[in-house]
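The following paragraphs lead through the model shown below, from the overall fold to its nonpolar cores and aromatic contacts.

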Amino acid sequence: MPGPLDGRVALVTGASRGIGRAIALALASAGARVAVNYVREEARAKELASRVGGIAVRCDVSRREEVRSMVERVESELGPIGVLVNNAGVMELMDLSSFDEAAFRRMMDVNLMGPLYVTLEALPGLKATRGAIVNVASNAAIGTAIPGSTFYAVTKAALIALTRRLAFELAPHGIRVNAVAPGWIETDMTLGGRSPEAAESARSFFRSRSMLGMTGRPEDVASAVLFLASPESAYVTGQVLVVDGGRIDYLTHGIRFAPAWPGGSPPPHRSACTAPPSASWPSSRLLSWPALPRALRTPRPVTPGA
């Protein structure tokens with residue numbers, strides 16, 4: 001039975017692991033031929049490309065010359081790009097007192113200029129196919145109360161603004177442009193290098209700030225991307241789909257105080273739960289820098305694209 005993306009060529013940046021890998025698998029399962037972009041993880045990217053029947057292409061999306069070469073190769077081997085997923089990103093935690101201009105510029109180059117460069121180079125194919133663009137932003141861009149994420153949030157907020165403006169500009173060409181804004185997802189980026197105790201501390205911290213008492217999986221984000229990339233969302237453009245389990249720690253328009261989960265620990269990952277009546281919630285705890293697990297307060301540079 002034909003899939004909703006049969007005959008489509010999809011390019012997923014930063015696809016060798018984590019969220020990008022899950023997105024590539026989801027698009028391939030829907031019938032797309034997928035180009036897997038990577039920076040460092042060549043073996044992983046080639047294994048994934050073989051699995052999805054596509055190709056692996058190395059490219060640093062912050063360098064337009066490399067982006068141009070990547071798009072040319074994808075189109076010569078697979079055909080015009082009909083689905084573009086701008087997933088590659090980089091994050092480094094810092095605040096005003098630890099501001100690092102070089103690190104901030106690197107985040108801007110990858111998180112904002114990267115999607116712009118790939119879109120510019122893929123635009124002829126997207127116009128020819130009346131394609132779809134999905135940008136992977138972050139709920140940090142909407143204003144989660146996580147200290148140290150300000151400058152990362154700025155880059156992702158800019159990506160959301162770009163998403164909406166491109167939706168407006170490209171609508172006459174039949175191109176839809178949307179974004180997903182994931183919350184905390186269990187990936188190599190969020191858990192890599194942590195001890196089992198530190199990893200569980202991070203999970204517990206973010207579960208306590210989710211209405212559902214859950215943390216996310218890469219597949220949760222991939223499902224949202226697949227919806228926005230497919231004809232199922234033919235009447236949707238310029239939108240941001242937040243995938244964060246119902247975070248309650250948003251600045252200015254959320255719950256300022258994050259309650260501890262009744263009875264101590266929140267439900268285990270992926271378990272169903274029903275929010276208890278407000279009267280049963282114990283005293284609240286202010287979201288503050290010291291409240292973060294130590295493993296989350298340590299700045300951790302992340303290489304884009306893997």
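In this predicted model, residues 24 or more positions apart supply 73% of the protein chain's contacts with a separation of 6 or more. The chain contains nine helices and nine strands. Of its 306 residues, 53% count as buried, and its accessible surface comes to about 13,700 Å², with 55% belonging to carbon and sulfur atoms.

The interior may be considered next. The largest nonpolar core has 42 residues, and those with the most contacts inside it are L11, V67, M70, V74, I81 and L84. Two or more residues each are given to this core by β1 (9-12), β3 (55-58), α3 (64-77), α4 (101-129) and α5 (150-170); the largest share, 10 residues, comes from α4. Leaving aside neighbours within four places in sequence, I81 is in contact with V9, L11, V71, V74, E75, A122, G125, L126 and T129. Another core, of 33 residues, lies apart from the largest one and includes V12, L27, V85 and V221.

The aromatic side chains form five pairs. In one of them, F99 and F151 are tilted, at 4.9 Å centre to centre and 55 degrees between the planes. F99 lies in the loop between β4 (83-86) and α4, whereas F151 belongs to helix α5, so this pair ties together parts 52 residues apart in sequence. F99 counts as partly exposed because its relative accessibility is 38%, while F151, at 13%, is buried. F151 also pairs edge-to-face with F104, at 5.7 Å and 70 degrees. Because F104 lies in helix α4 and F151 in helix α5, the pair ties together parts 47 residues apart in sequence. F99, F104 and F151 thus form one aromatic cluster.

Elsewhere, R209 lies over the face of F205, at 3.8 Å from the ring centre.

Conventions: Residues are numbered from 1 along each chain as its sequence is written. This is a predicted model: local features need pLDDT of at least 70, side-chain atom pairs count only at pLDDT 80 or more; totals for chains, interfaces and linings use all residues. Side-chain values use heavy atoms; hydrogens and water are left out. Helices (H or I, at least four residues) and strands (E, at least two) are DSSP runs, numbered from the N terminus. Buried means under 20% relative accessible area, exposed over 50%, partly exposed in between (1.4 Å probe, protein chains only). Contact means heavy atoms within 4.5 Å. Accessible areas come from the Shrake-Rupley method with a 1.4 Å probe; for residues, only the protein chains shown count as cover. A nonpolar core is a set of buried Ala, Val, Leu, Ile, Met, Phe, Trp, Tyr and Cys residues joined through side-chain atoms within 4.5 Å. Rings of Phe, Tyr and Trp (its six-membered ring) pair if their centres lie within 6.5 Å; planes under 30 degrees apart count as stacked, over 60 as edge-to-face and the rest as tilted. A charge sits over a ring if NZ of Lys or CZ of Arg is within 6 Å of the ring centre and within 35 degrees of the ring normal.
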